[in-house]
Amino acid sequence: MIKKAIILSAGQGKRLLPLTAQRPKCLLPLSGRTLLEWQIAALGANGIRDVVVVTGFQAQAVETVIRARANDDVRVRELHNPFFQVADNIASCFVARHEMEDGDFVLLNGDTLFHPDLFAQARAQADASIAVTIDRKERYDSDDMKVRLDGTRLTAIGKTLPEEQSHAESIGMLFFSGDGGRIFADTLERVIRREDGLKRWYLSVIDELAAITPIGIADICGHAWCELDFPKDLPAAEQLATRLWRQHLGTDTAALQALAP
C-alpha cells in the first residue's frame, strides 16, 4: 500500500505572472487554502502519511505554510532543489531520487489539483511497477503532456507527440511500486548526465523507459482535476476546491474542521 508522496513544487509558475511574482504557484489561494494544502489534504484523505515537498522558488514561504498547517496524521518534509532556476523539473526528481529507491510512492506535479476520489481510483488501477495516471478528451494541444497507448500499456509520452498518435494526456500523477522507483531513479541519473539533461522534463525519462519496460496506466476519465498553468485556469480550480473537495470532506467533520480557514 502506497503511504508516501513526493510533490514537485519548486517552480515559480511564470505563466501565471503577476500572481506568482512573490510566491510560487503551489501557494496560490483557492477557497481558503493554497493549492499545496489541498493536495496534502487529498493525499491524507487517502491514507498517505508521508509527504515530501520539493521546494525551489520562495522555498521559505512554502516551508512556512507547511509548518503552519502541521497535521499529526500527515508528516510533511521539505527537500530543496537549488537548481530550479537553471534546470527543468527533472532536477527536482534528481534531488529527491533517494526517496524513490526504497518503497512504494506516488509522484505528483505541484500544479495538479484533484478530487480525493480521483486519487483513490488511480491508485486502485495502478497495477504496474510504474503507472501514469491519464485522462482523455476529444482534442489535444501543444501544451498537453500527450500519451500514446497500446491497450493498457504506455508506449510514448511528451508534449511534442503528434495529436494523431495521442490517445490520452498525463495529469501529473505517477505511481511506483516494487522495483519501479529504483528503475526510474537509475534512468533519471543517466538522462540528467547528458548534455541537454538539465533541460529535460522528468517525463522524458518515462518516455525512454517505455521502450524497454512495461509502463502501465491509471485511467481516471470522468473524475475532477485541474492543472494550474495560466490565469484562465483559476476559476475552474477555485470551483473544484470549493464544491468538490468541500462536498467530499463534508461527511468527515474532523477533516473539515482541520481544513477550515
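Two strands count as paired if DSSP finds at least two bridges between them, and helices (H or I, at least four residues) and strands (E, at least two) are DSSP runs numbered from the N terminus. The model is predicted, so to speak of local features takes a pLDDT of at least 70 and side-chain atom pairs count only at pLDDT 80 or more, while totals for chains, interfaces and linings use all residues. Residues are numbered from 1 along each chain as its sequence is written, and side-chain values use heavy atoms, with hydrogens and water left out.

Strand S9 (residues 146-150) runs antiparallel to strand S10 (residues 153-158), and five bridges hook the two up. In this pairing Leu149 sits opposite Leu154 of S10. The hairpin of S9 and S10 has two residues between the strands, and Gly151 there takes a positive phi near 70°. S9 also pairs with S11, again antiparallel, through two bridges. Here Lys146 stands opposite Glu169 in S11.

S11 turns up again at the largest pocket, giving four residues, the largest share of the lining. A pocket here is an open set of points on a 1 Å grid over the protein atoms alone, where a 1.4 Å probe fits, with protein on both sides within 12 Å along at least five of seven lines; lining residues have an atom within 4 Å of a point. The volume comes to about 1,000 Å³, taken as the space filled by probe spheres set on the points, which are joined across faces, edges and corners. Of the 37 lining residues, Gly11, Lys25, Asp88, Asn89 and Trp201 come closest to the centre of the pocket. Strand S1 (4-9), strand S11 (168-176) and strand S13 (225-227) are the elements that give two or more residues to the lining.

Just where does Ser177 lie? It is in the loop between S11 and helix H5 (180-192). Ser177 counts as partly exposed because its relative accessibility is 22%, the class between buried (under 20%) and exposed (over 50%) with a 1.4 Å probe and protein chains only. Apart from neighbours within four places in sequence, Ser177 is in contact (heavy atoms within 4.5 Å) with Asp104, Ala128 and Ser129. A polar atom of the Ser177 side chain lies 3.4 Å from the backbone oxygen of Ala128.

Ser92, in helix H3 (residues 90-95), counts as buried because its relative accessibility is 3%. Neighbours within four places aside, Ser92 is in contact with Leu8, Ala10, Val54 and Asn81.

Terms used
Polar contact = N/O pair within 3.5 Å; in protein donor to acceptor, adjacent residues only side chain to side chain.
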